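Visitor: I'd like a close look at the salt bridges in this one. Could you walk me through them and then show me what surrounds them?

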Amino acid sequence: MGGHAYSVQNPVEIEIAEAVLDGEASWEGPQLAEEAGNWVLLAQFGSEDAADMMGGDAGVLYWLIRPEYLAERRFERAMFTWQCS
C-alpha cells in the first residue's frame, strides 16, 4: 500500500489520467501528464499462484487516489486499473 506503482506496461498514473480525461487528451500533450501527476498509488496487488490470486496473465491490480481524497478518507473516489504481462 502506498509507495510507487510497479507498472507492468505503461505508467498506471497515465492510464488513470486518460480515463479521467475520457480519452480526450493526447498521450504526448501536457494535459495528460498534468492529470497523471494528481494521482498517487493507494494499493497494488500482484498475482500469486500460491494464494490462488490471478489477475489476467500474471497481472497486477492498482488503485490510485488523489492526495486530497486520501486525506479526506474518500476512498470511493479511488480509481482502478490493471495490467498484464
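Guide: Here is a tour of the salt bridges, followed by the rest of the chain around them. Keep in mind that this is a predicted model.

Let's get our bearings. The protein chain has three helices and three strands, and from the N terminus on they run α-α-β-β-α-β. Of its 85 residues, 32% are buried. Among contacts with a separation of 6 or more, 48% are between residues 24 or more positions apart.

Now to your salt bridges. A search of the whole structure turns up three. Start with Arg66, whose side chain meets that of Glu35 with an N to O distance of 2.4 Å. Arg66 sits in the loop between S2 and H3 while Glu35 belongs to helix H2, so this pair ties together parts that are 31 residues apart in sequence. Is this pair buried or exposed? Both Arg66 and Glu35 are buried. For Arg66 the relative accessibility is 15%, and that is why it counts as buried: the cut-off is under 20%.

Arg66 has another partner too. Its side chain also forms a salt bridge with Glu68, this time at 4.0 Å, N to O. Glu68 has a relative accessible area of 38%, so it is partly exposed.

The remaining pair to visit is Glu76 with Arg74, joined by a salt bridge at 3.2 Å, N to O. Here Glu76 is exposed, at 56% relative accessible area, and Arg74 is partly exposed, at 30%. As for shared partners, Glu35, Arg66 and Glu68 are joined by their salt bridges into one network. If you want the general idea behind such pairs, side chains of opposite charge can pair when their charged atoms come close.

Next, the nonpolar side of things. The largest nonpolar core has seven residues, namely Val12, Ile16, Trp39, Leu41, Val60, Tyr62 and Leu64. Helix H1 (12–20) and strand S2 (60–65) each put in at least two of them, with S2 giving the largest share, three residues. A second, separate core of six residues includes Ala17, Ala25, Leu32 and Ala36. This fits a broad pattern: in soluble globular proteins, nonpolar side chains tend to be buried together.

Val12 is worth a pause. Setting aside neighbours within four places in sequence, Val12 contacts Ala5, Ser7, Tyr62, Leu64, Thr81 and Gln83.

Some nonpolar side chains are out on the surface, though. Val40, Leu70 and Phe75 make a nonpolar surface patch of about 230 Å². Val40 is in strand S1 (residues 40–46), and with 31% relative accessibility it counts as partly exposed. For the surface as a whole, the chain's accessible area comes to about 5,500 Å², and 51% of that belongs to carbon and sulfur atoms.

Last stop, the loops, for a couple of backbone oddities. Asp22 lies in the loop between H1 and helix H2 (30–36); its phi is near 55°, a positive value in a residue other than glycine. Asp22 is exposed, at 60% relative accessibility. Arg73 is in the loop between helix H3 (67–71) and strand S3 (79–83), and there phi is near 60°, again positive in a non-glycine residue. With a relative accessible area of 66%, Arg73 is exposed.

Notes:
Residues are numbered from 1 along each chain as its sequence is written. This is a predicted model: local features need pLDDT of at least 70, side-chain atom pairs count only at pLDDT 80 or more; totals for chains, interfaces and linings use all residues. Side-chain values use heavy atoms; hydrogens and water are left out. Patches are made of residues with over 30% relative accessible area and no salt bridge: like charges are joined within 9 Å, nonpolar side chains (Val, Leu, Ile, Met, Phe, Trp, Tyr) within 5 Å. Accessible areas come from the Shrake-Rupley method with a 1.4 Å probe; for residues, only the protein chains shown count as cover. Helices (H or I, at least four residues) and strands (E, at least two) are DSSP runs, numbered from the N terminus. Buried means under 20% relative accessible area, exposed over 50%, partly exposed in between (1.4 Å probe, protein chains only). A nonpolar core is a set of buried Ala, Val, Leu, Ile, Met, Phe, Trp, Tyr and Cys residues joined through side-chain atoms within 4.5 Å. Contact means heavy atoms within 4.5 Å.
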